[in-house]
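Welcome to this guided tour. Please open your viewer, switch to a cartoon view and keep the selection tool handy, and we will go from stop to stop together.

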Amino acid sequence: MTTDSTSTRRSFLKRGAVLATPLAVGLPAAVMADEGLKARLARLEDEAAIRELQQKWLRRINTGSGDRAASLFARPEVAKFDQTVRGIVPDLSGQPDAIEVAAGGASAVGRFHCAVEIAAAIAQDCTLAQMAHAQGGGFVRRTERRVLRVEYAKTSGGWVIAKVEFA
Amino acid sequence: MPRTPYPNQQMHRISYTKLSQRQIADKLGAVAVSGPTSVSPNSDVFAGKSIRIVTDKGPALSYTFGRNNRVSVVENGSGAVDAGCGTLSLNGVVFFSHMIPGTQRGYAVVIDQDTNLATVFELWFSGYQDNREVQREIYYGYVEKAGQQPPATRHVTTNRVEGKGFYWKQDNGTETLEFYPSAAYSHFVELSRLGGELGFCGPSDYIKINDDVFIYTRTECEFSGTFTAYVMDLNRVEQIGMRLGFDASDQLEFYVFRGKGEWLGQIAQFEQFGDENGAPVPAAAAGQTPAKGARRVYRPFLTMPKMSKAEVDATCAKKTAAFAPASGPGAMMGGNRGPSTGWLAGKTLTLRYDNAPAMEYRFDDAETLNWRKEGDNNWTKARYQAWESMPGVILFGHLLEGVPNHDGHSIVADFHQGLVTCFNGYLNTPYFANEAGVKTLFGVIEMEGLIPPKYNRHHFTDEMVGHAVSQNYAPGLTSMHLYSTPHSLSWIIFTDTDAGGLEWSGPAAYVKIRDGLYFLYWLEEACNGTLGTVLVNLHTMRDVGVGYHCGAEGLSMSAVGAHERLAGRFDVLRFYQVKV
């Protein structure tokens with residue numbers, strides 16, 4: 001199931017499916033509608049939790065504290081993200097964010113169009129480069145439009161990031 | 001008796017004593033009680049008065065000023081301590097300094113009587129691994145006035161001093177040229193103490209009192225560790241300040257001074273318009289809280305590899321590389337060198353130097369040559385690269401494998417004039433064997449169809465002295481040269497906001513090749529040991545050259561090339577004329 005965070009199109013389709021199902025199974029329509037609403041509520045709650053998790057991680061990246069984001073990840077070893085990335089902001093000229101919660105609600109995948117600030121370190125093989133690093137610089141900066149693909153997993157403690165990469 | 005103004009050793013060659021805390025305490029003892037000396041009469045502006053200074057993130061200091069330079073100071077409400085204090089004033093701005101007897105701490109305080117704003121420098125010894133290096137923390141605040149609200153503003157760090165330069169003469173006779181080409185460092189030439197041969201650098205603070213009056217500090221890190229601070233009025237070109245530290249003989253200097261100067265000019269700033277931020281180099285890494293007194297300090301002598309002759313011979317035998325591929329060590333310094341030339345390919349010539357053996361060359365192709373010293377039978381093959389900076393003027397360089405001191409030649413040959421200049425780099429120098437030395441060789445080109453001059457030669461010049469030229473070697477690698485003396489230059493590294501950041505300097509020389517074309521070198525003595533050579537073309541504003549370096553990774557010669565911008569000029573030549 002894919003949900004478009006800025007569109008209710010799929011919600012509408014789901015509602016349509018919910019409305020169509022009771023006739024087939026012979027259950028009272030009110031009961032089926034109630035279950036559909038519960039499922040929708042659960043999905044919306046999952047999406048909200050995932051968005052909050054995503055925002056937390058982005059804040060860590062954008063404040064230079066990405067190395068202290070291990071608690072947001074399923075496993076500490078996958079928390080290490082591309083060290084050249086210094087900032088990630090939404091690319092509002094790209095596609096809307098998309099979060100797809102898997103059936104059963106135990107995992108999800110998000111795709112985020114974003115502008116990525118990359119700072120590639122200059123090799124410290126000459127005096128000038130060494131001095132540039134010594135003053136906190138020594139990087140070549142550029143901004144690229146990329147798509148961030150993030151896999152999430154639901155644990156007993158809530159949603160965590162299982163994998164993050166550029167598509 | 002004849003007498004010269006030069007010291008036995010320049011600052012970067014002095015082996016400053018590692019003073020112990022006990023030694024420092026002993027030397028401070030009596031002076032802390034008596035206070036700083038002063039040639040000029042101390043100001044009595046505060047005599048008989050009491051003031052309380054409140055700082056935002058620092059101490060509250062209560063002072064009661066007596067006569068004869070005595071002061072009673074209370075820190076944060078603790079017990080009063082009597083100390084000697086030097087006080088000077090300059091057009092409503094008061095500067096005073098004192099130590100706290102029995103400690104290795106003291107203060108320098110600036111008060112603007114018009115605004116009641118105060119800047120407090122807490123100073124201390126034994127705060128770094130080298131105890132003699134004075135540490136400082138800056139606090140901003142105000143003088144408390146009964147019945148008045150605290151002022152809303154504060155003195156602030158600024159880049160408004162960046163690009164300025166002054167000649168200063170203190171009341172004690174000390175003469176200096178002081179350049180502020182960075183917002184975080186400064187460059188100074190000691191005219192009276194050291195004879196003005198070389199310039200040196202130190203981390204600095206620049207603080208705005210008002211549009212005309214600023215506070216400057218400098219700590220001579222990597223050298224004596226001496227701290228200097230002064231208030232300067234840019235229009236009147238007057239200063240009041242202090243100096244605290246131990247000189248090369250470990251004698252304590254603690255004095256306040258008054259000085260007058262001359263404006264030397266203004267060079268360019270490269271920050272965006274509207275950017276007047278000071279302290280462009282953060283004291284700590286992003287996300288970290290700086291420790292008290294923290295600042296970024298370039299410590300090249302501390303960090304440079306120091307090798308023996310045996311180690312140099314071993315590393316040169318292990319790896320020697322000339323003009324490694326574009327991704328190799330030092331490649332970024334050649335990012336904007338432009339296309340090389342193959343003009344020398346197939347040619348045979350002799351470079352006949354006046355003061356060194358003639359060098360014979362056979363150029364196989366655009367990157368391979370054979371050389372031998374005149375009189376030798378055997379040729380040695382070497383990799384080279386060449387660039388034609390101006391029509392008929394070719395710079396090329398190569399290593400001389402097999403010679404005892406692992407020489408490298410950086411050569412500018414003017415085929416229109418038949419003249420050649422060679423910066424002959426070599427190793428096994430007296431202080432550290434991997435530190436490059438250089439000999440400048442002048443001579444002529446002998447080759448078929450070319451008649452060289454009999455008497456004319458390239459020559460050393462001071463035409464570039466005082467100029468500042470920025471270099472962009474590659475994306476993210478940008479600096480500026482300040483040609484501050486006839487025998488040294490300084491280089492400034494720009495920050496991400498294009499403010500001047502860390503700065504250092506070394507011995508240098510300048511040779512005029514043609515109008516607007518200068519061949520120069522600098523030595524990174526007590527700093528990586530590199531010999532840098534560039535041919536600066538003021539017509540095209542591009543420099544090209546070669547770097548010669550020996551370190552643990554081996555001996556290398558690599559291309560240097562940058563796009564340049566003329567950043568202005570200081571009027572300093574008059575200070576370097578021979579005086580009789």
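**Stop 1: a pair of facing residues.** Select B:Leu351 and then B:Met359, which stands opposite B:Leu351 in strand E21 of chain B. Now widen the selection to residues 348–353 of chain B, strand E20, and residues 359–363, strand E21: these two run antiparallel and are joined by four bridges. Keep in mind as you look around that this is a predicted model.

**Stop 2: the sheet around that pair.** What kind of sheet do E20 and E21 of chain B belong to, open or closed? It is an open sheet of nine strands, and its order in chain B is E23-E22-E21-E20-E28-E27-E26-E25-E24. The pairing is antiparallel. As a bit of background, strands of a sheet pair through backbone hydrogen bonds, in either a parallel or an antiparallel way.

Next, select residues 380–383 (strand E23) and 385–390 (strand E24) of chain B, which stand at the edges of this sheet. Each of the two has a single partner strand, so one side of each is left without a neighbour in the sheet. Going from one strand of the sheet to the next, the twist averages 30°.

**Stop 3: a strand with two partners to visit.** Stay in the sheet and select residues 419–426 of chain B, strand E27. Is this strand mostly covered or mostly open? Strand E27 of chain B is mostly covered, with seven of its eight residues buried.

Add strand E26, residues 408–414 of chain B, which runs antiparallel to E27 and is joined to it by seven bridges. To find a facing pair here, pick B:Ser410, whose bridge partner in E27 is B:Phe423. Then follow the chain from E26 to E27: the two form a hairpin with four residues between them. B:Gly418 sits in the turn and has a positive phi of about 75°.

Now add strand E28, residues 437–446 of chain B. Strands E27 and E28 also run antiparallel, this time with eight bridges between them. Among the facing residues, B:Gly425 stands opposite B:Val438 in E28 of chain B.

**Stop 4: the barrel.** Colour strands E2 to E9 of chain B. How many strands make up the closed barrel here? Eight strands do, in the order E2-E3-E4-E5-E6-E7-E8-E9, with antiparallel pairing. The twist in the barrel averages 30° from one strand to the next.

For a closer look, select residues 105–112 (strand E7) and 117–124 (strand E8) of chain B, an antiparallel pair with eight bridges. In this pair, B:Val109 stands opposite B:Val120. Then show residues 21–34 of chain B, helix H1, which packs on the sheet and touches strands E5 (81–90) and E6 (93–99). The direction of helix H1 makes about 65° with that of E5.

**Stop 5: two domains.** Give one colour to residues 11–297 of chain B and another to residues 309–576: these are domain 1 and domain 2 in the domain assignment. Their C-alpha centres lie 40 Å apart. Each domain gives 33 residues to the contact between them. On the side of domain 1 that touches domain 2, strands E11 (164–170), E12 (175–180), E13 (185–190), E14 (199–208) and E18 (252–266) of chain B each supply at least two residues. Coloured by class, that side shows 18 nonpolar, nine polar and six charged residues.

**Stop 6: an arginine in a loop.** Find B:Arg160 in the loop between strands E10 (156–157) and E11 of chain B. Why does B:Arg160 count as partly exposed? It has 19 C-beta neighbours inside 10 Å, while a residue needs 20 or more to be called buried. Leaving aside residues up to four places away in sequence, B:Arg160 touches B:Lys208 and B:Glu276.

**Stop 7: where the chains meet.** Show both chains and look at their contact, which takes 24 residues from chain B and 18 residues from chain A. On the chain B side, strands E31 (477–485) and E33 (500–514) are the elements that give two or more residues. That side divides into 13 nonpolar, eight polar and three charged residues.

**Last stop: zoom out.** With the whole of chain B in view, you have four helices and 37 strands before you. The radius of gyration of chain B is 27 Å, close to the 25 Å that the globule rule gives for 580 residues, so chain B is as compact as a globular protein of that length. Buried residues make up 49% of its 580 residues.

How values were computed. Residues are numbered from 1 along each chain as its sequence is written. Chains are lettered from A and ligands numbered from 1 in the order in which they are written. This is a predicted model: local features need pLDDT of at least 70, side-chain atom pairs count only at pLDDT 80 or more; totals for chains, interfaces and linings use all residues. Two residues are in contact if their C-beta atoms, placed from the backbone, lie within 7 Å. Ala, Val, Leu, Ile, Met, Phe, Trp, Tyr, Cys and Pro count as nonpolar, Asp, Glu, Lys and Arg as charged, and the others, Gly among them, as polar. Two strands pair if DSSP finds at least two bridges between them. Axes are lines fitted to C-alpha atoms, for helices over the stretch in contact, and angles run from 0 to 180 degrees between N-to-C directions. Domain bounds come from an automatic or database domain assignment. The radius of gyration is taken over C-alpha atoms; the globule rule is 2.2 Å times the number of residues to the power 0.38. A residue is buried if 20 or more other C-beta atoms lie within 10 Å of its own, exposed if 12 or fewer, and partly exposed in between; C-beta atoms are placed from the backbone.
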